[in-house]
Amino acid sequence: MLSRIAFIGIGNMGWPMAARLVGAGFEVVACDAVPDRAGRFAGEVGGEAAADAAAAVRGANAVITILPTSKHVAEAVTAMGDALASGTLLIEMSSGSPTATRGIAESLAGRGVAVIDAPVSGGVPKAKTGELAIMLGGEAAAVARAEPVLRAMGTSLTHVGGVGAGQAMKALNNLMGAAGFLIGIEALLIGQRFGLDPALMVDVLNASTGMNSSTQRKFKQFVLSRRFDAGFGLELMAKDCSVAMEVARDTATPAPFAALCREMWASAVALLGPGQDHTAMAQLSERLAGETLGGGNRVA
Ligand code: NAD
């Protein structure tokens, strides 16, 4: 039974996910690179705060990582050092690179530490309610061991293959989300130039075959409202498209549309600068079109 969990990465997703574990009765030891973030979590939500990754994993029988990229995960694992004891289960929940995660799993196998990848979909709202979709990669026994912990955070748990398979699945899911967002914004811009009301267009799309997660949960809420604060970073979405292209290259799959999509998201990161929400991506298309969505028809 996994009871004491070191939770590394108390960010937009990590905070509400770790809070679900505290609520479910697990002993949570929080750790984050930003000074005092873990301390604030322990103060406001519960559990304990650790000063660094090594202190967090000491005495834990499971470790959860949910960090921006696999590079951050590798750094955190290095920082854990010998404090990461044999028998510990590492549950890597970042949207990371399958190849990098396999490398981490191989390097830890000799030390008796099992690794599974368990990236998530559903964003901050589903993280708060514990209704994430979790895509699992790893040995069946290790996945089964993690299940009671994951059930506190997600309602849809799908074991899709060996280590890295969950992250491949997640990257491909987000590639579709990224492409659906972009094509939807272009359609709204074309429609607005034609004289259609973009908010009304979103309503029509949501009752028609053009509907996707962006038309349902992003365009009115974060683009037409000009809030651009969905809680998922622009750089993270660009990274997900890059991971999807890495999988395409590794499998020798031609993916020209996906490549264009990745280039556009990477361009938006360069154009708009660091720290933007992914919904600010609309501003790249707006600048290319010389047209701002919403105009007099902004929707709160
Ligand atoms: P975030 O940037 O809000 O949080 C990441 C946290 O990790 C930060 O608090 C940062 O200080 C911390 N961190 C970085 N390096 C660290 C280290 N070495 N040790 C300890 N802490 C460290 O990111 P997020 O939005 O929470 O996303 C995390 C992961 O989940 C990403 O891979 C992202 O793609 C994925 N994801 C995010 C969402 C979302 O809606 N935000 C949804 C699904 C998946």
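1. Ser94 is buried in this predicted model, and its relative accessible area is 1%; because buried here means under 20%, the assignment does not rest on a borderline value. The residue sits in the loop that links strand 5 to helix 5. Leaving aside residues up to four places away in sequence, Ser94 is in contact with Thr65, Ile66, Leu67, Val73, Pro119 and Gln167, and a polar atom of its side chain lies 2.9 Å from the backbone nitrogen of Leu67.

2. Leu67 also leads to the ligand, since one of its backbone N or O atoms is 3.0 Å from a ligand oxygen atom. The ligand is surrounded by 23 residues, the closest being Asn12, Met13, Asp32, Gly231 and Lys239. For two of these residues a polar approach can be given: an N or O atom in the Asp32 side chain is 2.6 Å from an oxygen atom of the ligand, and a polar backbone atom of Gly231 is 2.9 Å from a ligand nitrogen atom.

3. Strand 5, which spans residues 89-92, is covered on both faces. Leu89 and Ile91 are buried on one side, while Leu90 and Glu92 are buried on the other. In a regular strand, side chains alternate between the two faces of the sheet.

4. The pairing of strand 5 may be described neighbour by neighbour. With strand 4 (residues 62-65) it runs parallel, joined by four bridges, and Ala62 stands opposite Leu89. With strand 6 (residues 114-117) it is likewise parallel and joined by four bridges, and here Leu90 faces Val115.

5. The connections on either side of strand 5 should be read together with that pairing. Strand 4, helix 4 (residues 70-80) and strand 5 form a right-handed β-α-β unit; from strand 5 the chain then passes through helix 5 (residues 98-109) to strand 6, in a β-α-β crossover that is also right-handed.

6. Met93 belongs to the largest nonpolar core, which has 37 residues, and is listed with Phe7, Met17, Leu21 and Leu150 among those with the most contacts inside that core. Not counting residues up to four places away in sequence, Met93 touches Met17, Ile64, Thr65, Ile66, Ala118, Pro119, Val120, Ile134, Leu150 and Met153. A second core of 35 residues is separate from the largest one, and includes Ala179, Ile185, Cys261 and Ala280. Nonpolar side chains tend to be buried together in soluble globular proteins.

Key:
Residues are numbered from 1 along each chain as its sequence is written. This is a predicted model: local features need pLDDT of at least 70, side-chain atom pairs count only at pLDDT 80 or more; totals for chains, interfaces and linings use all residues. Side-chain values use heavy atoms; hydrogens and water are left out. A nonpolar core is a set of buried Ala, Val, Leu, Ile, Met, Phe, Trp, Tyr and Cys residues joined through side-chain atoms within 4.5 Å. Buried means under 20% relative accessible area, exposed over 50%, partly exposed in between (1.4 Å probe, protein chains only). Contact means heavy atoms within 4.5 Å. Helices (H or I, at least four residues) and strands (E, at least two) are DSSP runs, numbered from the N terminus. Two strands pair if DSSP finds at least two bridges between them. A crossover is right-handed if, with the strands pointing away from the viewer, the path from the first strand over the helix to the second runs clockwise. A residue is near a molecule or strand if one of its heavy atoms lies within 4 Å of it. A polar contact is a pair of N or O atoms within 3.5 Å; within protein, one must be able to donate a hydrogen and the other to accept it, and residues adjacent in sequence count only if both atoms are side-chain atoms.
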